[in-house]
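Hi everyone, thanks for making time for this. I'd like to walk you through a structure that may be new to you, so please have a look at it while I talk.

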Amino acid sequence: MKKIIVVGAGKIGSTIAEMLAATGDYHVTLVDRSAVQLAAAEVPDGVETLELDIAEIGTLEAALAGKFAVLSAAPFHLTTRIAEAAASAGVHYLDLTEDVVSTRRVKELARSGKSAFIPQCGLAPGFISIVANDLASRFDTLESVRMRVGALPQYPSNALNYNLTWSTDGVINEYCEPCEAIVEGELVEVPPLEEREEFSLDGVTYEAFNTSGGLGTLAETLKGKVRTLNYRTIRYPGHAAIMKALLNDLGLRHRREVLKDIFESALPATLQDVVIVFVTVSGRKNGRLLQETYANKIYSKRVGSVVRSAIQITTASGICAVLDMLADGSLPATGFVKQEEIALDAFLANRFGRAYAQHEMVSRLAS
């Protein structure tokens, strides 16, 4: 059994711990600084828990001694601390962050590290980059790659048409930070919450708008190869306008702790959610301008003895699948590994990656 540490005992961290422990191939220790959070985590008896303040230098390094890997399911602002501890201890490092600055630091650590550093292993960034790169690889030349992802309540019932299904800090961060895109072949930064569009899928109308971090490293990978590349978050219509009023007109982008308190006090969480993955790539193949689209919806379901939300399932399945592929030698054991370097077919064939394949609705061009 490979010994794994999962940092963060929230909804995603506890799902990761349960999924890994259920295989019998991993001994999992779930780490959090809050004893209350650890006690509330819905994990099986086989998962060990450890109360630990990782901000104290040396504590996490000591816990990592002899471990195979550390998986970060902690808030994005702790990403670099966990990655630095992994580098010091010489263990493999995986995370779920959408924070661009944190990922740059992880990349720096990978240059001199003796283990693998694989950031952005969740849904977006993460699986979305694996899908987009797979579609892009089927064209001789690329015109556009458009990536859309949303984690939405199945039954919206408030003005925001939204419930908390993900890290509140993470949602606010992606709504506030600059977004990478390729426009007319040039890598640029575009503002969050802008370039709103509407589209329909299965008879339901959605809006999508710029948010930060969803591209992962794909912008760097496809720079010079595509005319248009962008990532937008999917919501129900009306959400973006209210968020712009809160963040810009009321100035809450400069008082994120206030906005977080409002969200967590007023917006209930829900397990009745749906994750939408929608990627469209256009380009030329054999001289013809063609387009190919991947569309997928994943719903909440029971995992073991606990009902897990769709965002818990997709995010946890993503990082667990990448860990599995690292453990069996399918991925490099040293250096910085990009999500788009992972083959889609191999990911979907993995025991964890199958969570995406179960509801797969992908149209493929005839070869």
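Let me start with a question: which residues does leucine 20 touch, not counting residues up to four places away in sequence? Keep in mind, please, that this is a predicted model. In that model leucine 20 touches Ile4, Tyr26, Val28, Leu71, Cys320, Leu323 and Phe352.

Leucine 20 also belongs to a bigger picture. The largest nonpolar core has 74 residues, and those touching the most other members are Ile16, Leu20, Leu71, Leu94, Met147, Leu229 and Val279. Helix H11, residues 310-327, gives the most to this core, with eleven residues. Apart from that core lies another one, of 21 residues, including Leu60, Leu64, Ala74 and Val91.

Now, the records. UniProt, in an unreviewed entry, places a domain called "Saccharopine dehydrogenase NADP binding" at residues 4-100. In the model, that stretch is 38% helix and 24% strand, with its end C-alpha atoms 25 Å apart. A second UniProt domain, also from an unreviewed entry, is "Saccharopine dehydrogenase-like C-terminal", at residues 122-345. There we have 29% helix and 34% strand, and the end C-alpha atoms lie 17 Å apart.

Next, please find the open sheet. Its seven strands come in the order E3-E2-E1-E4-E5-E6-E17, and the pairing is parallel. Why is one side of E3 and of E17 left without a neighbour in the sheet? Strand E3 (48-51) and strand E17 (335-336) stand at the edges and each has a single partner strand, so there is nothing in the sheet on the other side. Helix H1, residues 11-23, packs on this sheet and touches strands E1 (2-7), E2 (26-32) and E4. The direction of H1 makes about 165° with that of E2.

Let's look at one pairing within that sheet. Strand E4 (residues 69-72) and strand E5 (residues 92-95) run parallel and are joined by four bridges. Here leucine 71 stands opposite leucine 94 in E5, and you'll remember both leucines from the list of core residues that touch the most other members.

Between those two strands in sequence comes helix H4, residues 79-89, where Thr79, Arg81, Ile82, Ala83, Ala85 and Ala86 are buried. What do the buried residues of H4 pack against? They pack against E1, helix H3 (59-64), E4, E5, helix H5 (100-112) and strand E6 (116-118). Just after H4, glycine 90 takes a positive phi of about 75°.

Over to another set of strands. Strand E10 (residues 197-201) pairs with strand E11 in the antiparallel sense, over five bridges. Glutamate 197 has alanine 208 in E11 as its bridge partner. The hairpin has two residues between the strands, and aspartate 202 takes a positive phi near 55° there. E11 is also joined to strand E12 (residues 228-235) by four bridges, again antiparallel, with threonine 233 in E12 as the bridge partner of phenylalanine 209. Five of the seven residues of E11 are buried.

One last stop: is threonine 280 buried or exposed? This residue is found in strand E13, residues 273-285. Its relative accessible area is 13%, which puts threonine 280 under the 20% cut-off, so it counts as buried. The side chain of threonine 280 makes a polar contact, at 3.3 Å, with the side chain of threonine 293. Leaving aside neighbours within four places in sequence, threonine 280 is in contact with Ser144, Val145, Arg146, Gln291, Glu292 and Thr293.

Thanks for listening!

Conventions: Residues are numbered from 1 along each chain as its sequence is written. This is a predicted model: local features need pLDDT of at least 70, side-chain atom pairs count only at pLDDT 80 or more; totals for chains, interfaces and linings use all residues. Side-chain values use heavy atoms; hydrogens and water are left out. Buried means under 20% relative accessible area, exposed over 50%, partly exposed in between (1.4 Å probe, protein chains only). A polar contact is a pair of N or O atoms within 3.5 Å; within protein, one must be able to donate a hydrogen and the other to accept it, and residues adjacent in sequence count only if both atoms are side-chain atoms. Contact means heavy atoms within 4.5 Å. A nonpolar core is a set of buried Ala, Val, Leu, Ile, Met, Phe, Trp, Tyr and Cys residues joined through side-chain atoms within 4.5 Å. UniProt positions are given in the numbering used here, feature names are shortened, and annotations may be inferred rather than shown by experiment. Two strands pair if DSSP finds at least two bridges between them. Axes are lines fitted to C-alpha atoms, for helices over the stretch in contact, and angles run from 0 to 180 degrees between N-to-C directions.
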